[in-house]
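Visitor: Could you take me through one part of this structure slowly? I'm new to this, so please explain the terms as you go.

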Amino acid sequence: MKNDSLPVLLLVLLVGAPAASRADVVFLKGGSKLEGRVVERTETSVEIDIGAGSLTLSMKSVDHIEEGRSPLDDYDERAGALSANDRDGWLELARWASGVGLGAQSQWAYEHVLVIAPEDPEANRALGRVELDGRWVTEEEAYRARGYLNFEGQWMTPAEQDAILRGREADRATAQARADRADAQAREAEARAREAEAQAQQSTAGIPLYWSTWGPGPSAWPSNPLDRPQTR
Amino acid sequence: MNGQYKSAGLLLCLALAGPTFEVLQAQTVDSLIARHLEARGGVHRLEAIQTLSMSGRAIAGPGQEALVTREVRPPGRIRTEFAHQGVTAVYACDGSRCWYVAPMSGTFEPELMSPSDTSLAIEQADVLGLSDWKAKGHRIEMMGKETIDGKETYKLKVTLSGGAVYTAYLDVESALLVRKERTRTLGDRTIEVETTFGDFRPVGGVVFPHSIRSSAKGQSESLEVIVEEIEINALIDDARFEMPEVGPVG
């Protein structure tokens, strides 16, 4: 029975493959667009899988939807054609995905390279890993191995952290001496709230981006929808 | 008696030295900016730019790479696009109103930028740089020399007519702008943003940096825009800069 059903299953997968790789482009009013696969579409909303998660948006924001081929399809096709042990092929695919803006797919391809060749320097570097004493480790592991610690998002030596904390303590003491106790407490509470809010914003917003002369752009690198669902 | 002559002589020298120094400084700034504009391709070529279209890649770190485009029609019209993971965000100004649609940040319909982002965006649309700076009402002061990445530069304080101030560093040898520092206010924080320009190459006779790297001063994390294509005076529809109206579900 099992032997008989296997070819049928393979056939179903092969027949199903083209349908699964259909690509759509959802154009929003203003020229913004989302390329991927429309998962569900109703009169009032559309859900699109962009390869790193799904986004659901109101049809009110949508200008029109076009069916077409996206880089995501090319990625799937190229990945499907590669043998699992083809290190160069997966490296090439990772570079290509990075070049067309498919960051998640590029990372997956590099991660696949590391499964084949854990010491591959390009894949390790692309995934943010660094070489420490002849082995590849995460940036965090490298900092920690060198005795650094992460304080408020910055890597520093314990002595630097102590200096910051001592400085703050001194500032706080000076401030308290200048103002009456109630005012000082109120200010401190307010400052703590602001700091917590800023830290919370920073932790969800990711790396801040400064576009300088290029022009306006996102103020932080966008999180993947899988990390932070966006529904509207 | 001798002392009185000496004092009078000293006063005379100071009186003469004051204006002479200012005149000399103005001449130095004038000639330096003239050299800079010549190095960019010349005022006539810069002022012939009606529109500018650029595209390339923005890289913030491992796995953080986006395709970016920039369309500009001076004065004040700019549109940038940021495409990451198949999602394209749009940021644009029509000369007075700036707006954006950024699906990855949860903004699916056009929204107006804040007043401070608007003034910065309009400033960013000035692709002609220091061309015609006096007529635009900007002020430039020479602040001396500084070494940047091993190269000697002239340090200039630029005060824009709108009041914004930035520091420009012109390479002594090439007279090209190699660094810019500008203070930005984000919420209640003030950040010194440092931008380094490199990979200078001419396009249509005008020299552009093809590498633009920005970061908060002293921070290791940076954003680099690698410019891959530049087109001068391509046709750009005005509608691309205008904020679209969002109607009912169509």
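**A close look at a strand of chain B**

Guide: Let's start with a neighbour: what covers the buried residues of H3(B) includes strand S3 (77–84), S4 and S5 of chain B. Those labels come from DSSP runs, numbered from the N terminus: helices are H or I with at least four residues, and strands are E with at least two. As for "buried", a residue is buried if 20 or more other C-beta atoms lie within 10 Å of its own, exposed if 12 or fewer, and partly exposed in between, with C-beta atoms placed from the backbone. In helix H3 (residues 115–124) of chain B, the buried ones are B:Leu120, B:Ala121, B:Ile122 and B:Gln124.

A word on what you're looking at: this is a predicted model, where local features need pLDDT of at least 70, side-chain atom pairs count only at pLDDT 80 or more, and totals for chains, interfaces and linings use all residues. Residues are numbered from 1 along each chain as its sequence is written, while chains are lettered from A and ligands numbered from 1 in the order in which they are written.

Now for our part, strand S5 (residues 98–102) of chain B. Five of its five residues are buried, so the strand is largely enclosed by the rest of the structure. B:Cys98, B:Tyr100 and B:Ala102 point one way, B:Trp99 and B:Val101 the other way, and all are buried. In a regular strand, side chains alternate between the two faces of the sheet.

Who are the partners of S5(B)? Strands pair if DSSP finds at least two bridges between them. Strand S4 (residues 87–94) of chain B runs antiparallel to S5(B), joined by four bridges, and B:Tyr91 has B:Tyr100 as its bridge partner. The hairpin of S4(B) and S5(B) has three residues between the strands, and there B:Gly95 takes a positive phi near 110°.

With strand S6 (residues 107–112) of chain B, S5(B) pairs in the antiparallel sense over three bridges; here B:Trp99 is partnered by B:Leu112. Four residues lie between the strands of that hairpin, where B:Gly106 has a positive phi near 90°.

Follow S4(B) outward and you reach chain A: S2(A) and S4(B) pair in the antiparallel sense over two bridges, with A:Leu34 opposite B:Val87. The contact between the chains takes 48 residues from chain A and 51 residues from chain B, where contact means C-beta atoms, placed from the backbone, within 7 Å.

Conventions: Two residues are in contact if their C-beta atoms, placed from the backbone, lie within 7 Å.
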